[in-house]
Every structure is written in C-alpha cells, then in structure tokens.
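Subject: Structure handover

Hello,

I am passing this structure on to you. Please look through the sequence and the model below before reading my notes.

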Amino acid sequence: MTQTNHIGKAPNRVDGPLKVAGTAHYSGEFNVPHLAYGYVVSSPIAKGKVVAIHADEVRALPGVLEVFSHENVPYLAWFDKSYKDQIAPGGSPFRPLHSPDITFNQQPVALVVADTFELARYAAALLRIDYEQEDHETNLETKRTEGYAPGGGKTGFQAPPPPRGNPDKALKNATHSIEAEYAHGAQHHNPMELFTTTVEWRGDGKITAYDKTQGVYNVKNYLMGVFGLGKDEVRVVNQFMGGGFGAGLRPQYSVFMAVLATLELKRSVRVTLTRQQMFSIGHRPNTLQLLKMGTNPDGTLASLQHHALHETSQFEDYTENIVNWSGMLYQCENVKLGYQLAKLDIYSPQDMRAPGAASGNVGLEVAMDEMAYAAGLDPLEFRLRNYADRDQNVDKPFSSKKLRECYKQAAAKFGWETRTQKPRSMRANGKLRGMGMGGGVWDATQTKSAAKALISADGKLTVRSATGENGTGTYTIMTQIAAETLGLPLEAVTFELGDTDQPEAPIQGGSWTAASVGTAVKNACDALGEKILKLAQKPADSPLKDAKYDEVEFVNGQLRLRLDHDQAVVLRDVLQASGETQLEADSSALPNMLKQQGYSMHSHNVAFAEVEVDEDLGTIKVTRVVSAVAAGRILNQKTARSQVLGSVVWGLGMALMEETVMDHKFGRYVNHNFAEYHIPVNADIPHIDVIFVHEDDDIVNPLGVKGIGEVGMLGVTAAIANAVFHATGKRVRDLPIMLDKLL
Amino acid sequence: MSQLLTRAPASGGLPAPVPTGPVRLHINGETQTLQLAPWTSLLDALREYAHLTGTKKGCDHGQCGACTVLVNGRRINSCLTLAVMHEDDDITTIEGLGTPDNLSPLQQAFVDHDAFQCGYCTPGQICSAQGLLNEGRAHSEAEIKELMSGNLCRCGAYVGILDAVSEVANSQGEMVK
Amino acid sequence: MYPFTYSRATDVADAVRDKAGHDGSAYVGGGTNLIDLMKMNVEQPAHLVNVAKLPLAKIEDLPNGGLRLGATATNSDTAWNEQVKARYPLLNQAILAGASPQLRNAATNGGNLMQRTRCYYFYDLATPCNKREPGSGCSAIGGFNRIHAILGASEACIATHPSDMCVALAALAPTVRVSGPQGERSIAFEDFHRLPGDHPEFDNTLAEGELITSLDLPEKGFAKHFAYLKLRDRHSYAFALVSVAVGLEMDGDTITDARLALGGVAHKPWRDHSAEALLKGQHATAETFGRVAAHVVANAVGQGSNDFKIELARRAIVRALKQAAEGKQEAGDVYLGGQ
Ligand SMILES: Cc1cc2nc3c(=O)[nH]c(=O)nc-3n(C[C@H](O)[C@H](O)[C@H](O)COP(=O)(O)OP(=O)(O)OC[C@H]3O[C@@H](n4cnc5c(N)ncnc54)[C@H](O)[C@@H]3O)c2cc1C
Ligand code: SF4
Ligand code: FES
Ligand code: FES
C-alpha cells in the first residue's frame, strides 16, 4: 500500500475546515467596496400587464439610486437566441424586465437599487404598480385532454422510444393486471442559500459576477449574449454554492438584475432573492402519470405502459425524461411509453434532483408494488423475475449493472426476509409496521471538460477547472484524483474551481461532474506527468532513461518504473534540477464514443424502507432505510455516502411532506416559505444504511465512475409509499402522503 | 388588541428612513460600534456591516436556522431580532468558535463525520449545537435530533450532524445513553 | 420593512409611557413574530418599545399557591423552569412542542400570547385578507385552508391561533396581568383571545397601550394526569394541524376534574367547558373519551382543505384523554411527540 493512493478512500473534505469555520465565501459574501443593493419587486398577479409604475415617488427617497423596469431598461439583445443558455428548453426564454406582459405570478417586474439593503427593501415595498389583470389558468387538471408531445427539448432530453411488441393486446391477455394514476404537485428546490449575485464593477465596462450558479460558463455566455459584453469584460465566479439541486443550472433572473444595475449605475451591486421569490425560479413540475401493467402466469411482465403529463410555462417546453426509465429497468417485451406537456400560466419548471426520473420512478415503483400484490408475489421476488440484463429501449447491453447485487446486499442488511407479505400483518410499538422497497436507474454520462495542471519546483500541484462545488465534494475528489495521478499527498495539491478564468467545464448537474471533470483532471495531470518524465530522463544516468509513460508510475513523491520500484527518482529533485520554476499542462476530456457506442451506461439503486404508522392519527414515522447503489467506482466513500444520505432525505421529503400548493384563484403558490413548504428536519430522519456495490466499468470513462448525486434519490419515495401500504393496506397514489390521507 | 399598524399610502409623503446611530456589540470577544438604523437585523448587521459572513441567511424569517448565533451564550435566530436590541450583548458567531487552523471540537466533529455538504446551513448548525451543549439538555440521540430540528439542511446531512453532535456531547459527558 | 424609531424601556411605567407617547408604536419582546411580520410589510409600526429587558423575567411562587410567569421570561426558561416542570408539566411539554429551540430562546411569554393568528394569505400582501385589510375579503375561504379553523370561525376570517403554549394555558386557566395607561388589570386567560366575528383584525382583548406583565397560574397544575399531543406535517418545527391539551384529576379511574383545550382549530386556543363537564364524574374509558371527543367536534365545520381536521381532532382528543388518564407523559427537557 502507498500513502498516495487516495481514490476510493474516505478522506475528509479538503474544503471542510473553511465551511465549518464560516470562511468559505458564497456569492453574497464578497463585500466589494461601495456596494449597492438591489431588491426585486415581484408581480402579484399571474397574467396581465403592467400599466404603470410609479417609480418617481420612490426615486425621490434619498439613498435610492434607481428603479429598473421594462420602462427604462436600456437596449438589450433582441433575439431569443441571446437569452438561451446551455440547457434552455425549446421555446422562448423568459426575458426579465423586457415587456409589460405578465406571464406568471411572482414574475420580477422591477428592481429597486439603493445604498443599503434595508432601504432597497423598503423602497420596493413603497413602489406602486398598476396592473391590468387577465384570466389565468394554473390548474393541470383542466389540461388533461390538452397535452401535447414536445418537439425538441433541452440537452439531454430524449423523447420516449416507440412502443415495442403489442402492449395493449398483452395487457388484455395478462393473467393479472393493474391500472392506476399517480400524481404529485409542484416541488421547489429550495437550496439553503438564497439566489444571490454580487457584481463587482471593475471600471471600464468590466465586471466580475459572483453568482450563485451551477455553471459559471453558462452564465458568462448568457451575460455576453444578453448584454453584448466581450469575453474579457465579464468574469463569473462561484467557488462555493449553498446547494443547487438543479436550481442553478440556468442563469436566474437575479444575475440578470444585478448585472443590469451594475452596468447602468457603474457601481457594484448585489441582488439577493427572498425565500418567497425562490418559488419563482423553477420547480419540479406538477405531474400526472398513468400506469398499466400485466403479468404472465410465471410472474414476468407481459405488458408495461407508462404515460406522463406535466405542466410547463406558456413560453417554454420544459422537458424531462419521466417515462423512458420504465422501458429499461425491467425486462418486458410489450411496452408503451407516452409523454406530454400542458401549458399553464406559470414559470417554466426547472430540472430538480433526478429530474424526470424522480417523478417517473414513483409511478413505476409503486405500480410494481401494486402489480406484485396483484400477482401474489413478494415485491423483491417480482423484481428479480423481471430483471433486465439488456437495455431494451436501445437494445444494448449495460456497460455494467450490479442491481442484483444491490438487491441482495440491501435486502440482507434490511432483513427483508422477516417481512410478512400481507398488508397490516406487522405491528411494533403499538403501531402498524410496514416494509417497502423500490429501485431506480439513472444515466451515467460524461461530457466535454477541460482542466489545467501546474506544478511548482517545490512539488506543489495546482489543478484548475471551472466546475462547481455545491456540496457534492468536487474539491475533494478532484484533489484525490490529481494527487493520486502524480503520487502526491493530498496536502500538496490545491484544486481550484468555479471561475471563468479557468478552463471550461460543463454545468454541474446530471451527476456527470466526477466522470467529466475527473477525467479532464486526470488527463491534465498525466500530461504534466509526461513532461516530468521527460525532465527526469534528461540526466544521462537517469534510472528511467528509456521508459515510456505507461511504464512508470508516480507514487509517494517518486517517479519509478512500474516493474522495478528501485529504479526511481524523487519528484521534487527532478523539478528542482530542471531549473524550471513551474511546469504546466492543459488537457481536455471527451467521452470515448467509439468504446461506448455499443453499450447502455447507467447507475442503479435500491432502497428498502420501514415505517411505523399510528393508525388512529395517521402519523407516519420512517424508522429505517437501507440504500444500495451500484454506480461504478466510488471516488470518496465519505462524500459519496453523504450524497446518498442526502438523497434519502430528499426521497423522504417527496414521499411525506413536500408540495408547493397553488391557489388557482390567484394562480399563486400559497406556501412559498420554509414554514409551510416543509422539508425534512433532523427529527424526521431515521437511521440510514448506505451500501455501495462496486462495479468495474472501463467503458463509461477511464475513472470508472458513474456519479451518485441523483440515483440515490430513486426508489426511496416509492419504498416509503409502498411501506405505508404494507403497514396500513391503504394505497396512496398522490404524493405527499400526509396524515390526512391515512385517516 | 392587535389591530395592524399600517402607514398612510404613498401620496401623503413617504415615511422617511430613520437615521443611523451607534450600536455597541461585543462580537466574538471584540467590542464593535456599528452605525446602524433600527431596522437592521442582527443578521444583516453581522453580514453587511461587520462583514462577518459566516452567519448565513437562508430565509430571513426564522424558518430555517441558518442565521443561528449565540447571544450571551444562548442560540437564537439572528434574522428575527434587531441589532439595536442587542446593545452591549455578547454575540458569538461561527467565526468566534474556531478558525480553519484551529477548529473547535464541534467544528472538527462536523468535518470528521461529513456532517454537511454545501456547507451553507453548517455555521448555523454548529452554533445551534454549541447552544445545545451550553443548555446541557441533550441526553439521548432522540433529544439531540429534536433539539437540532430548528436547523434545516437541504443537503440532508442530518445523519452526520447527529453523529457529530453526539460525539462531542458524549465526550463532554452529556449523554446518558 | 418600514422605518421606525426605537427605544428600550427601563421599567413597566416607562414602557407604557413611551408607547403612549408614540403614535403607531408597538412593544417588542423577542421579536420573532413582530419582526417577521414587519419584514413582510404586514405590520408597519412607527416606533418600537423594547420590553424584552424589563425586569419581568422572573418565575416565582404566588401566595395563593400559584406560580407567576413573568411576561418577558423566555419560552425556554419557562419550559425548563423546575417549578413549571414539577407542577405544570403540561405547560412544559406544550412550550417545547412549539417552534424551535432558537425561537423559544428568543420568544417571550407575553409575545407568545400576542402572536398573530397564522394564515398564508395574511402574510401575503398580494392577496386580500380581512384581518390585514378589513373588508377586503377572506382569501382562505374557498382557497387553500389546510391550517385553518374548524371551530368558532366566522364569514370574515377562518384563521387559527398557532401557539402551543397557549393551548396548555387555556387548560390551566391563568390570569393575564396587564399594565396600561389606565392602570393595571387582570384578564382571565379565556377572555384574552377572541373569535374573529366581524372584526378579525382584533386577535385579543388587550386595550391600546396595555403591556402584559405576567401570567399568574392557579395552584392546580394537573401534574399527574396530563397530555399534550401535537399533530403536524413533520416531526418538529412545524405548526400544529391539531393539538390537544388535557389535564385530569382522577380518583381511581374516575375523573374528578378535567380540562380540555385544542390548538390549531380556532381563532383562539379552544377550551371546551361542556366537554370538561361531560368528563367529570365519568370513568376513564374509551367509551367516555369517544363520546366527549364527538361532542367537541359536533359543531365543527370544514372549509375544504381542512375538512380532515374534524376527524383528526376527534381522534386526537380520544388519544390525549387516554394518555392523560394513563398518566404516562412526563415533563422533560424536550417534547418527543407525547406518544
Ligand atoms: C418559523 C416559526 C415557527 C413557529 N412555530 C411555532 C409553533 O410551532 N408553536 C408556537 O407556539 N409558536 C410558534 N412560533 C411562534 C413563536 O412562538 C412566537 O413568534 C413567539 O412566541 C412570539 O414571542 P416574541 O416575544 O418573539 O414576540 P414579539 O414578536 O416580540 O411580539 C409579538 C407581539 O406581541 C406584542 N408583545 C410582545 N410582548 C408584549 C407584552 N409584554 N405585552 C403586550 N404585548 C407584547 C408585540 O407588540 C407583538 O405584537 C413560530 C414562529 C416562527 C417564526
Ligand atoms: S382567514 Fe383571516 S387571516 Fe386568513 S385570509 Fe381570511 S381573513 Fe385573512
Ligand atoms: S435566516 Fe434566520 S432562520 Fe432562516
Ligand atoms: S450542508 Fe447544504 S444545507 Fe446543510
């Protein structure tokens, strides 16, 4: 064993000390000099027009610098294209302060800028705005028959595959069959950090935007397009993000507002949204799902049909992959998948942790439970009988898939064999006990990414890539990869991220950062390694004289022959002898399409949950969860476990409490705050076991990683819903399962 | 009573902002006199005026706990109190508990147990946990969970938080089981 | 938030004088409700009189055997007070079921009584609300009203009083001592909060300028047989959908005295005397509890999204009565569900 073997271990987060000491700086924490504060004014109506803005009254207040609205916003980019960010869906993106038209409730209609935050907030409250209201529609129920299949969609969207086999006939002839509708309301990401942008005016039309975003380049390109800024005029920085979960994938109106005000006032400006306004920046859409399933006499699936309808805005076709997963998680010859959108007077939904999959998974996995019961089978046994060894959607084998092993290990840990199948058959502590399970599948993707590595003569390595850190452990795993590649201790490596002065990395989402940026980091370090090897070979007596790069390895600060460890040089000696003060190398990484094209690449998981239900009062307590994840190689056991633990918390929230309620009369979310939009608190969370089932997979990427940010959330919600059924005999098909649904 | 106090609408002249005055606070052992108007919350005073940004704003309405600080040793939400109400009070923020190079036992336990992800709720969690230890009322895991429930964590780091707080509570002989 | 001037009162007389001297002024205790509402521009006081540091924070024995809770004692200090724990465990548990540790550390007893009824629309200036703007209409009626009243509501307002502490107080029946421009007076707790009727803008009967100075608990504390049961949408840090406070005195299994109050169901903490009368002299049986619970909700009216609360309240009452009769709940340093 060597000490510079870091990958797969469980080191503490390298950015941990900064975070726990309160010295990590988030976007609202750059206290640049002479800062002004912007406060956003939001529309109280869902549809109509702004008729008048009585801004002069407010401008007259001493300390108020300006009121921006569509009335005085200067010329901005005219074409939709300029407002399209990397993952904009089809349609026309929302343009803040562009016109008097109101297309959704809480639409930002003005920005008040003042010398202090308090004054801006006060002035915003005083600003009188006259509206002309029009009838709106925000209720998905009214659009059941008006769904349409979206044309294109955003990056990553795949229309459902065409039907296979003869699903209707197979359903008719099935031994057992079920048909049920599942629903959940809107849910909001609600990262703990409010959306904030601090824009520093650097003079001469140049700005630095410290923005809460999951993609600094995405924001930079957006700002260049919208404000006509040159490459050198705008720098976007995000070194720490207080949670994203998808809310920061697209540039939010906070950054637009802050940049607008800065450019106009030629003064640094910070704009921070309120928690209420955090309910106007996208959400997991209200979704209705219809599932039909039938089985053959041997308990295999005869037919599987899954149809989903969800809301989108009037101006964009927000899309997500809800039903496709149902065609690949289980083996079934007769499958029909359908996906539709309906337009409402709301803001565009926005990818939210495991977008699409989280929704579709609940439908599929609760239906699987219902089907298992209808067929008289144990839910785990039922899944095993329908195990898919190939991805039938694309008719390809999986690059790796250890879901069966997940089932096995998690079931054993959970004690699934102690479960009695009959609903209401288990009791504990005077309550009904239930056990349920659910599993899921998520994409393993890699996208283009770049990184730069620099090593100084004293052996300190710095690696840079403009990716993000929103809690996923990016700093730590990249440090591990870089350190291991060049045989250094973690302390000798600094990984820097989140700055458009660094090489470009993709948006941080879709669980692809480890694979994409990780590979780029590895490549950059290897490129640097080759340079170091060349230097090491310069002396005539170099023990590595004729070695090729793949014949050497960097270990414990040394560079040595793989096959003869005694033939070694000390890294620092090489660097110092070279006379160079610094060596650097750039590299980028692309997925190896050739290698990958024959495979379906996915991560899988299963979750088992136990609940206790107080039958009289309807209260549900989740008492245990076991989650097993097969996601290739795990880079850091500690941070990976945390991601899965967090996913379980999300799954629990979705199952039992999360729902943004729309009052259709006003077309407005009513519980738009943390007191009434409930996310789980510590007291809600039980003991959680996390199991990683290792997969060797050199097809997905050279590191063999699949990403774990999303997959861990799947299965959990359904497992809890299924456990509640098992406990009570009541099948709740509309989430969240609040106590009134069990009375 | 409890009729609302509302002001005359805009036309009759807008109520003018109230001027600032000196407010003396003892922050992390240092006496600071800040120029503040009454409407500045303790949270904004710390973040925007004293430039101590370790204390976080997650909701500004007492609904998340991110802004938790210790006032005279007791944990409160700094967003729902005014700085002027704390003239001469001792305020301890996360910066006062330890530094990256010299972490407090709780801070170290949070790192060791990976009791956070994004880190945004973390200063509030740690100040809250410190308040909990000061109160001396966490004797079991169930109690720690309940008494740490005033701090939301959207990353869902609750298992780690429980482990970290339990470890320190145990080491200080607080836990009975 | 609107601008306001500020002063800190040094004693009760000073506070009352200061407030009387400023138009549109308000007392502020912990600030956890008032400042929240000020940030939403719902409350717009022109002047704040800080009463949090008045010398009213003591908890002390009364000559009549009761206990005086100072108005500025924090909710935490009150809940954790040894006298309260020993003699009024119901109050201990109810306080600890409310809000969060941080909020309870800041919140004062006076402020807890005075906190406004809770309603989404009341907080949201974009929607009409009779309580905020009399005559503008009630958005909750016909709207989303999961947290709203099933008892004692009016056509003007269906908001609920959200306090947990006050539910226990309703059962324990203290007097509220106040000091105002007109001098001192005492208000029976039951008369302190009011139903909305045609004037939902008033939550209670405190007169302009009056300051709460203490809550005087009578001797009887129901320390042996009590229950506080809070039902909510998550396990902690959430307002009650329904809560029940029960205090019983028992002779064997016969109930000799009873108190029953509900939270989360009405514009005020809902004490039901007739239900208490029905309990007295009865055996503590499931049949008795069921009958009494049915009686309490007999006149309850749902508003749509809160219809379930009628049945939930009925079941919660049965459960709380049973728990109280069994005498299993104890005072403690935390509230763990009371189950
Ligand atoms: C997120 C959140 C969750 C909560 N959850 C709960 C819960 O679950 N259960 C629960 O019971 N409560 C809950 N609360 C409410 C909390 O208990 C109250 O806000 C608190 O008790 C109010 O006390 P205070 O001293 O802070 O009042 P303040 O905000 O200072 O004052 C409130 C009102 O009382 C007046 N006032 C204050 N003191 C006096 C006095 N001595 N005499 C006359 N008038 C006075 C003020 O003028 C003001 O109108 C919650 C609050 C928040 C923000
Ligand atoms: S219930 Fe009362 S507080 Fe709520 S909207 Fe109606 S009138 Fe206003
Ligand atoms: S910011 Fe103070 S509780 Fe959320
Ligand atoms: S660590 Fe991100 S919110 Fe708690």
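The notes below go through the chains in turn and then turn to the cysteines.

Please keep in mind that this is a predicted model.

Chain A
The assignment splits chain A into three parts: domain 1 (16-23 + 447-590), domain 2 (32-135 + 192-280) and domain 3 (143-187 + 283-445 + 597-741). Between the C-alpha centres of domain 1 of chain A and domain 3 of chain A there are 39 Å. These two domains touch, with 17 residues of domain 1 of chain A in contact with 15 residues of domain 3 of chain A.

Chain B
Chain B has domain 1 (22-97) and domain 2 (105-171). Their centres, taken over C-alpha atoms, are 20 Å apart. Across the boundary, 17 residues of domain 1 of chain B meet 17 residues of domain 2 of chain B.

One residue of chain B that I looked at is B:Tyr120, which sits in the loop between α3 (105-112) and α4 (122-135) of chain B. Is B:Tyr120 buried or exposed? Its relative accessibility is 2%, and the cut-off for buried is under 20%, so B:Tyr120 counts as buried. Beyond its neighbours within four places in sequence, B:Tyr120 has contacts in chain A, namely A:Tyr26, A:Glu29, A:Met192, A:Glu193 and A:Gly242, and in chain B, namely B:Arg47, B:Lys56 and B:Lys57. B:Asn28 is 92 residues from B:Tyr120 in sequence, and their C-alpha atoms are 20 Å apart.

Chain C
An unreviewed UniProt entry annotates residues 1-222 of chain C as "domain: FAD-binding PCMH-type". In the model this span is 29% helix and 17% strand, and the C-alpha atoms at its two ends are 43 Å apart.

Ligand 2 and the cysteines
Which residues come nearest to ligand 2? Of the 14 around ligand 2, they are C:Cys119, C:Cys129, C:Cys138, C:Cys157 and C:Ile158. The shell is made up of 10 nonpolar, 3 polar and 1 charged residues. C:Cys119 has a relative accessible area of 8%, which is under 20%, so C:Cys119 is buried.

A disulfide is a covalent bond between the sulfur atoms of two cysteines. How many disulfides does a search of the whole structure find? The result is 0 over all chains. C:Cys166 is accordingly in no disulfide, and the nearest cysteine sulfur, that of C:Cys157, lies 17 Å away. C:Cys166 has 0% relative accessibility and therefore counts as buried, the limit being under 20%.

Regards

Note on methods: Residues are numbered from 1 along each chain as its sequence is written. Chains are lettered from A and ligands numbered from 1 in the order in which they are written. This is a predicted model: local features need pLDDT of at least 70, side-chain atom pairs count only at pLDDT 80 or more; totals for chains, interfaces and linings use all residues. Side-chain values use heavy atoms; hydrogens and water are left out. UniProt positions are given in the numbering used here, feature names are shortened, and annotations may be inferred rather than shown by experiment. Helices (H or I, at least four residues) and strands (E, at least two) are DSSP runs, numbered from the N terminus. A residue is near a molecule or strand if one of its heavy atoms lies within 4 Å of it. Ala, Val, Leu, Ile, Met, Phe, Trp, Tyr, Cys and Pro count as nonpolar, Asp, Glu, Lys and Arg as charged, and the others, Gly among them, as polar. A disulfide is a pair of cysteine sulfur atoms within 2.5 Å. Buried means under 20% relative accessible area, exposed over 50%, partly exposed in between (1.4 Å probe, protein chains only). Domain bounds come from an automatic or database domain assignment. Contact means heavy atoms within 4.5 Å.
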